[in-house]
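Student: I would like to learn how to read a model like this one, going from its overall division down to single residues. Could we take it feature by feature?

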Amino acid sequence: MFSQISTCGLMGIDGFEVSVQTDVSNGMPAFEIVGLPDAAVKEAKERVKAAIKNTGLRFPAKRVIINLAPASQKKGGAGYDLPITVSILAATDQMTVDDADETMFIGELSLDGSINSVDGILPMVIYAYKNGYRNIFVPKDNANEAAVIDGVRIYPAASLREVCDHFTGAARIAEHTVNLKEYFSRSAESLLDFRDVKGHENVKRALEIAAAGNHNVLLIGSPGTGKTMLAQRMPGILPDLTFDESLEVTKIHSIAGVLPKNMPLILNRPFRSPHHTISSAGLSGGGSSPKPGELSLAHNGVLFLDELPEFHRDVLEVLRQPLEDGEVTISRVNSTLTYPCNIMLIASMNPCRCGYLGDRRRQCTCTPKQINNYRRRISGPLLDRIDIQVEVPNVDYDDLTSRAKTESSAEIKKRVNRTRQVQLERYKGMNIYSNSQLTAGMLQKYCALSDEDNEMLKVAFDTLGLSARAHSRILKVARTIADLDGDENINASHIAEAIQYRSLDRKYFE
Ligand SMILES: Nc1ncnc2c1ncn2[C@@H]1O[C@H](COP(=O)(O)OP(=O)(O)O)[C@@H](O)[C@H]1O
Ligand SMILES: [Mg+2]
Ligand SMILES: [Zn+2]
């Protein structure tokens, strides 16, 4: 007696088809699972046996062999419990699956036969849909997430009993749908607004430029000046996620198992702010069955590293390549996995170890050596990936208590959107989307300066003592400022403003 049932495995952020083949033959009772199962899949044996018995069905007292094909691909997790069980029931004539070649089963079983949620449902359903599957049985708790994909019927199952009753016709499981429109409208409200930040006009301008050109930012200021508050408001002025971006973000959160149950689709750009004690594995992802790390959870959004110099040096090293490539590669024993991480990095730091260098309220207690050591914790190559460095000063009491109306995030976002559009058109077909991605070769073409302006920039370099790395950063940021102004050419005022966002380079990182 033989049966074959389909399910889905996960490799990185993509699904792959797994065919669960069951052969039941006479002979010494035995139960084997072959086809590169990991420890969790092997343990399915105990769960499957108990779940079948406790649902009032019969586990065959025969030789039961399960093959998970393709046998060459590693299978992990507990999501194979349900398809294995269904396959055994089908092979022993206890269940007849209609349209088996268009139907997938995914789910973990408890010993009592109830079905538990699994991570990564969304990429699996996407895979199933793209490969011609039309019916998918998923754990009830994953139903919202699964139903995001149009064109497949999602059947949420709370127990093995429900699945059996569905196929006997005793009680059909109702197809699950979600109203995506409703979710779209719900999300926008929860974002923090720049309207709440008093004063700091200069910093807000820098953040607007960052959002408009997709530049990474370093905020430098004493404790309590509002750095965290400012950074948290970035997602609200970044362009809205497109549906495809939203799916990609949701996929990653789905795999990591951090998707809220009532939120099937992530509609806001992520804002992740891992604590400075995070390990490199926590940042880049990994573990025995690899999960996306903070870098990938921030994909299409903001990674905020508060107190940057407090992070371990090796953790900061891990950042460099992914920031450049937009993806993070995790090495495993026999293979590598790649997760996307197109992120905007916002980092904050105090000006010195005690935090009060240059502060009006308190005296700095650091020695010059301590100050130097503190700053040197951030390596040049990492700084190289940060286009904008801006000081966050103390806000005047008058500003803080002022009732003057400040601009809302929605208003700022309009300008950001417009400026992004200009860049999308300019770089069409070039595989880049924003000024921050301009390569050295492209800089000459798109950031050309007049002789006069070139001379001005040179003088600024000499007098301010800017480091060489500042040069291309200044050009890119000047390009974005010109785009915000709607100017085709970069002019002196654009350059002058861009230099402002590097002066810290000279002041702090000589
Ligand atoms: N410019 C500001 N406008 C309104 N509130 C502010 C401002 N700056 C600071 N605050 C208040 O001070 C608190 C501390 O700011 P925070 O962003 O945590 O500072 P930092 O991260 O620089 O240490 C904020 O939660 C906010 O209530
Ligand atoms: Mg803070
Ligand atoms: Zn100090």
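Tutor: Let us begin with the domains, whose bounds come from an automatic or database domain assignment. Please keep in mind throughout that this is a predicted model.

Student: Into which domains is the protein divided?

Tutor: The division gives domain 1 (2-168), domain 2 (186-414) and domain 3 (438-510). As for their placement, the C-alpha centres of domain 1 and domain 3 lie 58 Å apart.

Student: Is Thr 85 buried or exposed, and why?

Tutor: A residue is called buried if 20 or more other C-beta atoms lie within 10 Å of its own. Thr 85 counts as buried because it has 31 C-beta neighbours inside 10 Å. Leaving aside neighbours within four places in sequence, Thr 85 is in contact with Val 48, Ala 51, Ile 52, Leu 109 and Leu 160. Thr 85 and Ile 5, although 80 residues apart in sequence, are 9.6 Å apart in space, C-alpha to C-alpha.

Student: Which helix holds Thr 85, and how many of the residues of H3 are buried?

Tutor: A general point about helices helps here: an α-helix has 3.6 residues a turn, so residues three or four places apart point the same way. Thr 85 lies in helix H3, which covers residues 81-91. In H3, 11 of the 11 residues are buried, so this helix is largely enclosed by the rest of the structure. Among the buried residues of H3 are Asp 81, Ser 87 and Ala 91. Just after H3, Asp 93 takes a positive phi of about 60°.

Student: In what order do the five strands of the open sheet run?

Tutor: To read a sheet, one follows the pairing from strand to strand, and here the order is S11-S14-S17-S10-S18, with parallel pairing. Strand S11 (271-272) and strand S18 (388-391) are the edge strands, each pairing on one side only. S18 pairs in the parallel sense with strand S10 (residues 217-220) over four bridges, and Val 390 in S18 is the bridge partner of Leu 219. Helix H8 (residues 201-213) packs on the sheet, where it touches S10 and S18, and its direction makes about 165° with that of S18.

Student: Finally, which residues are the closest to ligand 1?

Tutor: One reads a binding shell by listing its members and then sorting them by class. Ligand 1 is surrounded by 14 residues, of which Lys 198, Gly 226, Lys 227, Thr 228 and Met 229 are the closest. Helix H9 (residues 227-232) gives the most to this shell, with three residues. By class, the shell has five nonpolar, seven polar and two charged residues.

Methods
Residues numbered from 1 in each chain as written. Chains lettered and ligands numbered in written order. Predicted model: local features only at pLDDT ≥ 70, side-chain atom pairs only at ≥ 80, totals over all residues. Near = placed C-beta within 6 Å. Helix = DSSP H or I, 4+ residues; strand = E, 2+ residues; numbered from the N terminus. Nonpolar A, V, L, I, M, F, W, Y, C, P; charged D, E, K, R; others polar. Pairing = 2+ DSSP bridges. Contact = placed C-beta atoms within 7 Å. Axes fitted to C-alpha atoms, helices over the stretch in contact; angles between N-to-C directions. Buried ≥ 20, exposed ≤ 12 C-beta atoms within 10 Å, placed from the backbone.
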